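Student: I am new to this structure and would like a close look at one part of it, the place where one chain meets the other. Please take me through that part slowly, and then show me how it sits in its surroundings.

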Amino acid sequence: MKNSKVVISSCEKDFILSCVRSGKRMDRRHTYDYRKLQISFGVDRGHCEVQLGKTRVLAQVSSEVVCPPPNRPSEGQLFFNLELSPMASPAYETGRLSEHTVELNRLLERVYKQSQCIDVESLCIVTGEKVWSIRVDVTVLDDGGNIIDCASIATITALSHFRRPDVSVSGEDVTIYSIEERDPVPLSVHHIPIYVTFAFYDNGALLLVDPTDREESVMDGQMMIAMNVDREICAVQMNGGLSLEADQVLRCSQISAVKVADITELIHKALRVDAEARWEHEIKTYCGG
Amino acid sequence: MADHSYDFHFVNEVVLPGDIVAEKVKTKQIVVKKIKLKLGPGLRMDKDNIIAYKCGVLREKDSTMFWIDNDQKRYIPVKNDKVVGIVTNRGGESYQVDIGSSMASALPFLAFEGATKKNKPQLKIGDLVYGRLSVANKDMEAELVCTDTNGKANGMGPLKDGFLFTHSLGLTRKLLNPDGAVLKVLGKVFSFESTVGLNGRTWVNSNSSDHTILIVNAIEQSEYMTLSQIKQNVHRLAEGMRE
């Protein structure tokens with residue numbers, strides 16, 4: 001949980017808690033409602049900005065060819081690096097790795113590496129010598145609460161949007177083609193796991209989906225469930241030392257299944273719209289030139 | 001341009017840090033020494049030139065006062081600003097109060113109207129106070145008092161109940177502007193109390209939490225709205241609540 005320098009007054013705490021208890025939220029959402037999600041892409045491939053309510057996260061994917069470690073000679077590498085910029089909230093400082101940052105990084109790494117959603121074997125060029133290393137830089141631009149959901153959407157969308165340069169191997173020679181020579185190839189994304197966060201109040205008696213920063217500041221604990229569209233749970237994390245009833249956890253997983261289905265559809269739609277726009281642009285430049 | 005005024009470039013236009021806003025001011029001052037030039041936030045003298053060190057819109061008043069209207073989120077303490085603070089600690093002679101700046105400020109126990117050694121207001125950690133900055137120097141801890149220069153409370157002091165929210169400093173200026181619309185429009189529809197601190201914190205209290213939520217939303221949304229939009233928005237929100 002956020003180890004915040006930003007102080008919160010007792011009147012804010014009392015007010016938000018009384019709202020939660022009477023089933024009201026400051027932004028007039030219902031308990032299970034997600035905030036408005038917007039996904040946009042940059043000019044470059046693999047550049048994705050996601051806005052979830054006030055929270056804004058930017059993800060940028062890059063690739064390079066590296067020598068693999070001897071214990072995994074035929075697997076490509078994945079790196080995730082999340083940064084909380086001081087622009088997002090006065091609570092964040094540059095250069096210091098806070099506990100909160102480490103936690104968010106670990107959460108991303110766990111779900112996208114261990115659920116094997118990216119096929120790392122297809123990133124191998126020459127076994128034991130050359131593999132692709134894919135790096136995702138995630139920057140939090142504005143903290144309006146629920147960073148991990150927003151960051152996970154940005155990360156996986158950026159990965160699906162990214163294209164790496166095409167390569168060919170003949171004998172010992174490896175040729176990397178530029179974008180002009182050959183169309184770059186997408187990464188093979190097997191499935192799309194997304195985090196859904198729940199905040200708990202009154203020792204787990206009350207819960208909220210997609211908490212805002214205000215709601216986060218007074219919560220007793222939270223649970224993040226990463227799931228894909230096939231309802232496979234890829235990671236679960238609980239914070240705050242709460243003990244929950246079994247059916248409470250089950251209910252959360254059912255809610256997250258619904259949310260994940262909606263979000264995945266949104267991601268696919270955004271990718272499709274972007275692909276069409278690029279295609280049109282390409283035709284125009286081709287015909288114009 | 002009349003000979004008794006300073007000619008600045010970019011008035012009512014956007015300026016960026018480093019922009020030279022006026023040149024050779026000192027030499028001109030000899031000619032027009034009757035009128036004193038006043039520089040507000042975001043402007044500073046650099047030799048003979050006046051340069052901007054913030055980005056925003058350059059504003060002027062009577063061609064003698066100049067400042068930059070910028071919309072930052074972080075508050076920098078200025079003497080005599082009235083701010084809303086949160087008590088974070090209690091010391092031997094003063095409370096430590098967070099006013100949203102880089103450093104905490106001190107609020108002496110006796111800096112309230114009529115406070116004596118025996119009879120002084122008791123504040124708890126997390127309580128809100130509305131006070132005036134009596135000391136605000138660079139590199140020094142700011143000092144807060146809850147009295148005006150005559151020793152009267154004049155509305156300052158602890159704030160009870162209600163809800164506090166933070167916003168940009170630009171919105172603060174809009175709310176405190178005598179022509180500011182949103183509080184007036186809201187006041188016609190609801191009964192509520194509010195306190196706007198210059199540090200980008202506003203406290204609102206009303207009869208019910210529904211009203212408070214609505215007022216907070218209306219204020220937050222009003223930042224980039226015109227007068228007619230604000231009116232429309234407030235009425236829409238009020239209608240929505242009645243249903």
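Tutor: What follows starts with one chain as a whole, moves to the side that touches its partner, and ends with the partner itself.

Please keep in mind throughout that this is a predicted model. Chain B has five helices and 16 strands, and its C-alpha atoms fill a box of roughly 60 × 50 × 30 Å along the principal axes. Of the 243 residues in this chain, 31% are buried. Among the contacts in chain B with a separation of 6 or more, 61% join residues that are 24 or more positions apart. The domain assignment divides chain B into domain 1 (6–69), domain 2 (81–159) and domain 3 (163–240), and the centres of domain 1 and domain 3 of chain B, taken over C-alpha atoms, are separated by 33 Å.

Now to the part you asked about. On the chain B side, 14 residues are in contact with eleven residues of chain A. Two or more of these residues are given by each of strand E8 (82–90), strand E14 (163–166) and helix H4 (209–221) of chain B, and H4(B) supplies the largest share, three residues. By character, the residues on this side of chain B divide into six nonpolar, four polar and four charged.

Since H4(B) makes that largest contribution, it deserves a closer look. A helix of 13 residues at 1.5 Å a residue should span 18 Å, and the end C-alpha atoms of H4(B) are indeed 18 Å apart, so the two values agree. Its buried residues are Thr212(B), Ile213(B), Leu214(B), Ile215(B), Val216(B), Ala218(B) and Ile219(B). The buried residues of H4(B) pack against E14, helix H3 (182–189), E15, strand E16 (201–206) and helix H5 (227–242) of chain B. E14(B) therefore appears twice in this account, because it gives residues to the side that touches chain A and also receives the packing of H4(B).

Another of these packing partners, E15(B) (residues 192–197), holds Thr195(B). Is this residue buried, partly exposed or exposed? Thr195(B) has 19 C-beta neighbours inside 10 Å and so counts as partly exposed, since a buried residue needs 20 or more. Leaving out residues up to four places away in sequence, Thr195(B) touches Val84(B), Tyr130(B), Leu159(B), Thr202(B) and Trp203(B). Thr195(B) and Gly155(B) are 40 residues apart in sequence, with 9.5 Å between their C-alpha atoms.

A record also covers this region: an unreviewed UniProt entry annotates residues 162–209 of chain B as "domain: K Homology". Over that span the chain is 35% helix and 33% strand, and the end C-alpha atoms lie 8 Å apart.

Turning to the partner, an unreviewed UniProt entry annotates residues 34–165 and 191–255 of chain A as "domain: Exoribonuclease phosphorolytic". Residues 34–165 of chain A are 23% helix and 37% strand, with 37 Å between the end C-alpha atoms, while residues 191–255 of chain A are 23% helix and 40% strand, with end C-alpha atoms 19 Å apart.

One helix in chain A is worth following as well. Helix H2 (residues 99–114) of chain A has 16 residues and reaches 22 Å from its first C-alpha to its last, close to the expected 22 Å. Buried in H2(A) are Leu104(A), Leu107(A), Leu108(A), Val111(A) and Tyr112(A). These residues cover an arc of only 100° around the axis, and they therefore sit on the same side of H2(A). The face of H2(A) turned away from this buried side carries the exposed residues Glu99(A), Val102(A) and Gln114(A). On the buried side, the residues pack against strand E4 (77–84), helix H3 (147–161), strand E11 (194–201), strand E13 (221–227) and strand E14 (233–239) of chain A. After H2(A) comes Gln116(A), whose phi is positive, near 55°.

A last stop in chain A is Glu49(A), found in strand E2 (residues 47–52). Glu49(A) counts as partly exposed because it has 19 C-beta neighbours inside 10 Å. Apart from its neighbours within four places in sequence, Glu49(A) is in contact with Ser40(A), Arg56(A) and Leu58(A).

Note on methods:
Residues are numbered from 1 along each chain as its sequence is written. Chains are lettered from A and ligands numbered from 1 in the order in which they are written. This is a predicted model: local features need pLDDT of at least 70, side-chain atom pairs count only at pLDDT 80 or more; totals for chains, interfaces and linings use all residues. Helices (H or I, at least four residues) and strands (E, at least two) are DSSP runs, numbered from the N terminus. A residue is buried if 20 or more other C-beta atoms lie within 10 Å of its own, exposed if 12 or fewer, and partly exposed in between; C-beta atoms are placed from the backbone. Two residues are in contact if their C-beta atoms, placed from the backbone, lie within 7 Å. UniProt positions are given in the numbering used here, feature names are shortened, and annotations may be inferred rather than shown by experiment. Ala, Val, Leu, Ile, Met, Phe, Trp, Tyr, Cys and Pro count as nonpolar, Asp, Glu, Lys and Arg as charged, and the others, Gly among them, as polar. Domain bounds come from an automatic or database domain assignment. The expected span of a helix is 1.5 Å times one less than its number of residues. The arc is that of the directions from the helix axis to the C-beta atoms.
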